[in-house]
Amino acid sequence: SELREWRPVIYRKCTDTLWLLLFFLFWAGLMFITGYAVMAGAAERLVLGYDSFGNICGRKNAPVKGAPLSGRDMSNKKYVFFLNSCSLEMQSLKISSLSLCVSSCPQEQLNSLEDLQSFARNNGSCLCVYNLNISSYTLNPKAAELCPTLPVPPSKSFPLFNRCVPQNPECYSKYASVLISMVNEMDVFHRILSGILAGRDTVIGLSILALAFSFILVLAFRFIRTLLVHTLIALVVFGLLFVSGVLWWLYYDYRNDPVTELETEKENVKFLLGYAIFSTIVTVVLLSLILVVRKRLQFTVQLFRIVGKIIGRIPFLLFQPLWTFLILIVFWVFWVAVLLSLGTAGTAQATSGGQVEYRALSGICYMAWYHFVGLIWTSEFILACQQMTIAGAVVTCYFNRNKNSPPPHPVLSSISVLFCYHLGTAVKGSFLITILRIPRLVLLYLYNILKQKESACAKCLFKCCFCWFWCQESCLRYFNQHAYTTTSINGTNFCTSAKDAVFILVKNSAKLASISCFGDFVLFLGKVFVVCFTVFGGLMAFNYHRDLQAWVVPLLLVGFFAYVMSHSFLSVFEVTADAMFLCFAIDMETSDGSAEKPYFVDQELL
């Protein structure tokens, strides 16, 4: 077949429009799930707690039909109090005792109805059912049924779940055993949601820390020197060794802790072991690679100086990750909010006694999986848009004949071209990445099942398949980036651009492989630096909150966010270098340096 006649920044048409339509339809499904979760969910129930009449403590409530004591304003009543805290029993993941929202827990033992009446008048905290007046505590013949079992032990508010925990040793042991049983029998999905909610402030703080590290690295790479590369490598080595050591120390500390009873604590131990092993393997591999490439550092510095000249001509490229980061943060906040609402989706139904039960709705699991696919696909789409914007700006400047008069607004021009013509191409490329990630998630689920059966053969097969899909995803990301650059040049669809890019890359593989390999490795070390020090901060922060939290899962979420942030920022250099080298290869392919076909390349960049 004839070779394509490259047409830099001349011919434009809309590409992959059917894929863009498919993406809109997919988001219509996400909007349906969002509306459903908002209408049916109540994430506050996970941590605030609620009474037996459907009132969530610490907020105003809407009435429930058939429950006369529902719909009360509990803004000043933030704690859950059980009327029979010394004799709790579990029945189908529900505590049998009647529960109320109270403004404060009794600090001293209450031995009679008169004590209950006095406590209510002095502290404004009524420990009897809402429809019983304080003056009727000692007069109503049914007060014994509507008030807590006497004597009421002294209790303190439990900060995580806002429960009044009895301080009497006998009552506390019974209460704790029931609470542990309830948490252990909760679905893992809900335990993770509880951990995320309880550690939300820490997660937000660590995400901001990762943002600061990423921005500092971007500025450092802009003015990179040999000493800076050596400093970065030294910090990465220190971070890898330190984080691996801390993970093994925490695993040993948790494993030998005699009070590890909760399922969440046992999950923390399992996750810590996995993290420690993974961190150790990554440390050994990266240290080996650093030893191999240490002699080529001067070449890498020269490479980044060339990229720095390109970015110097388009300084707004350095700010390109900021809007990407802001969009990702808005989307992630939206995604987590919908997930929390979806995890608590249930209908409030009144029982015969006027109490309220929340019954889970069917189909929630399928909605959660659909929502999770939306997280991966949309995140990848946002990153693909950033890659196409940077590539488009580099292409515009590279293929400009008049070097003394560069394009006035290459970044804005690139964004305009992306939104007018090539959003469908970004959708298709991000969808292919998502398709490769789904089998990895399925394999991870199967591995958790087979792990309990002690099948060594199945474990080995799983790990091989997992590595295979990971390698495929890495290769696809590499070719996606060059396909985006080719689309920015030729205005062709994703498949045609990918085919043309592969042809150019194969023809010039000997020239481009060594050039891009070392630069990508140094950028990867920068991402490892951000993740290591962010995860270390997370280890120190979450280790102080061990009780009833699956904090290792939020820590994994923090590590994921840190990597995505660092990737979003440092990809400016990665995409600029890849786009520049592809443009250079195309320039050498389509021009010969003659007066009829002069080279586009600027001699200052060589």
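**Exercises on a predicted model**

T434 is found in helix α13 (residues 410-451); helices are DSSP runs (H or I, at least four residues), numbered from the N terminus. This is a predicted model: local features need pLDDT of at least 70, side-chain atom pairs count only at pLDDT 80 or more, and totals for chains, interfaces and linings use all residues. Residues are numbered from 1 along each chain as its sequence is written, and side-chain values use heavy atoms, leaving out hydrogens and water.

**Exercise 1.** Decide whether T434 is buried or exposed, then list what T434 touches.

Step 1. Take the cut-offs: buried is under 20% relative accessible area, exposed is over 50%, and partly exposed is in between (1.4 Å probe, protein chains only).
Step 2. T434 has a relative accessible area of 2%, so T434 is buried.
Step 3. Look for contacts (heavy atoms within 4.5 Å). Not counting residues up to four places away in sequence, T434 touches V373, I376 and W377.
Step 4. Follow the side chain of T434: it reaches the backbone oxygen of S430 at 2.9 Å.

**Exercise 2.** Find the residues with the most contacts inside the largest nonpolar core, and the helix that gives the most to this core.

Step 1. A nonpolar core is a set of buried Ala, Val, Leu, Ile, Met, Phe, Trp, Tyr and Cys residues joined through side-chain atoms within 4.5 Å.
Step 2. The largest such core has 69 residues, and F221, L317 and F573 have the most contacts inside it.
Step 3. Helix α17 gives the most to this core, with 14 residues.
Step 4. Another core lies apart from it, with 27 residues, including F119 and Y130.

Methods. Helix = DSSP H or I, 4+ residues; strand = E, 2+ residues; numbered from the N terminus. Polar contact = N/O pair within 3.5 Å; in protein donor to acceptor, adjacent residues only side chain to side chain.
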